[in-house]
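Me: Please take one part of this model and look at it closely, residue by residue, and then follow the chain on from there. I would like one connected account, with the cut-offs stated where they matter.

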Amino acid sequence: MKKIVLTGGGSAGHVTPNIALFPSLENAGYEITYMGSYDGIEKKLIGDFDIPYVGISTGKFRRYLDLKNLTDPFRVIKGYSEAKKFLKSYRPDVVFSKGGFVSVPVIRAAASLHIPCIIHESDMTPGLANKICIPVAERVCCNFPETLKLLPENKAVLTGSPIRSELTRGNRLAGLNMCGFSANTPVIMVIGGSLGAANVNKAVRDALPTLLADFQVVHLCGKDKVDNLLLNTPGYQQFEYVKAELKDLFAMADVVISRAGANAICELLALKKPNILIPLPASSSRGDQLLNARSFESQGFSIVINEDDLTTDMLVDKVHELYFTRQTFRNAMSNSGQMDSIKTIMRLIEEAAAQGKG
């Protein structure tokens, strides 16, 4: 039995691509163990699967002043010791990391034991955690062509992001029935992330009187973000969050309005969904969504609207532009080199595991 340890956490985006690898790893004969923080989101998400979970201590590396900067290094050192003790006993053939700060002690401990490590960078520019891990990694997978220039040439591989296979098996009719929509009117799907996106939600709702003349709208608006005054609006359906049914909503959607998180847009690419991206502004993030969105725009996959420029009229105009030119976007996405991510990553894992055996 070949053994692999997966790591990554702190947000769902650092976990769901690992989950997407489970079926292929199991089919290839790997015994899988997941390493994450004691009680992070990764533990909750992995709990849905029959996968052993090993918790370790972890801390965050901050670029700003915070009292936790005095204590977190000791948590990381403890996590390194815990990871090394487990890895020395378990002896996996390879470690695969999706990033996040919990991955740092795992990757550095694995490297110290000469266990081959592969890491994946979702965003256009490597985050701090991955920057710490890149020097000891065998391969660094990435989502964007532009990222290749920021990584060691002998390590960088453009793979795209692993996407859960079930997302490709949606049923359009099930989505229409779930929303009470007609099969004869095109559908806009709006995704604001699990916490919602207040400005995007407002812009979409302000545009409803115009949009509903030509479209139906399904709106994943985030926790506690449902507008009760719009509950009975014909052609408009709101959900805080969906899980298993997401594949059916994707199958139903003709075009999508979304934030520009790396995993979200990689799902749009894999499903070839024409989209408008409204990235989180630099004032609210490290600017990675802006870079992600511009890359997709330059590759012909997306239309981008800056949140600071967002108006009701602009949103309506861009939705119509996207819908009437949607086939152009589908064609560009079909020709992308980032479509076979799981197959490419599995090849890298097998190569690294064979090297570790050697």
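Reply:
**Strand 5 and what follows**

In this predicted model, Ser97 stands opposite Ile119 in strand 5. Residues are numbered from 1 along each chain as its sequence is written, and side-chain values rest on heavy atoms, with hydrogens and water left out. Local features need pLDDT of at least 70, side-chain atom pairs count only at pLDDT 80 or more, and totals for chains, interfaces and linings use all residues.

Strand 5 covers residues 117-121; strands (E, at least two residues) and helices (H or I, at least four) are DSSP runs, numbered from the N terminus. Strand 4 (residues 94-97) runs parallel to strand 5, and 3 bridges connect them, where pairing requires that DSSP finds at least two bridges between two strands. Strand 5 is also joined to strand 6 (residues 139-142), by 4 bridges and again in the parallel sense, with Glu121 standing opposite Cys142 in strand 6.

The connections on either side of strand 5 can be described in similar terms. Strand 4, helix 4 (residues 103-112) and strand 5 make a right-handed β-α-β unit, a crossover being right-handed if, with the strands pointing away from the viewer, the path from the first strand over the helix to the second runs clockwise. From strand 5 the chain crosses through helix 5 (residues 128-133) to strand 6, and this β-α-β crossover is right-handed.

How many of the residues of strand 5 are buried? The count is 5 of its 5 residues, where buried means under 20% relative accessible area, exposed over 50%, and partly exposed in between (1.4 Å probe, protein chains only). In a regular strand the side chains alternate between the two faces of the sheet. Here both faces are covered, with Cys117, Ile119 and Glu121 buried on one side and Ile118 and His120 buried on the other.

Further along the chain, helix 6 (residues 172-179) has Gly175, Leu176 and Cys179 buried. These residues lie on the same side of helix 6, because they cover an arc of only 100° around the axis, taken from the directions from the helix axis to the C-beta atoms. On the other side of helix 6, Leu173 and Asn177 are exposed. Strand 8 (187-191), strand 9 (216-220), strand 10 (236-239) and helix 8 (246-252) are among the elements that cover the buried residues of helix 6, contact being defined by heavy atoms within 4.5 Å. At the start of helix 6, a side-chain oxygen of Asn171 comes to within 2.9 Å of the backbone nitrogen of Leu173, and after the helix comes Gly180, with a positive phi near 70°.

Strands 8, 9 and 10 also belong to an open sheet of 6 strands in the order 10-9-8-11-12-13, with parallel pairing. Its edge strands are strand 10 and strand 13 (302-304), each of which pairs on one side only. Within this sheet, strand 8 and strand 11 (residues 255-258) are joined in the parallel sense by 4 bridges, and Ile188 stands opposite Val255 in strand 11. Strand 11 also holds Ser258, a residue that is buried at a relative accessible area of 3%. Apart from its neighbours within four places in sequence, Ser258 is in contact with Ile191, Ala264, Leu268, Ile276, Leu277 and Ile278.

Conventions:
A polar contact is a pair of N or O atoms within 3.5 Å; within protein, one must be able to donate a hydrogen and the other to accept it, and residues adjacent in sequence count only if both atoms are side-chain atoms.
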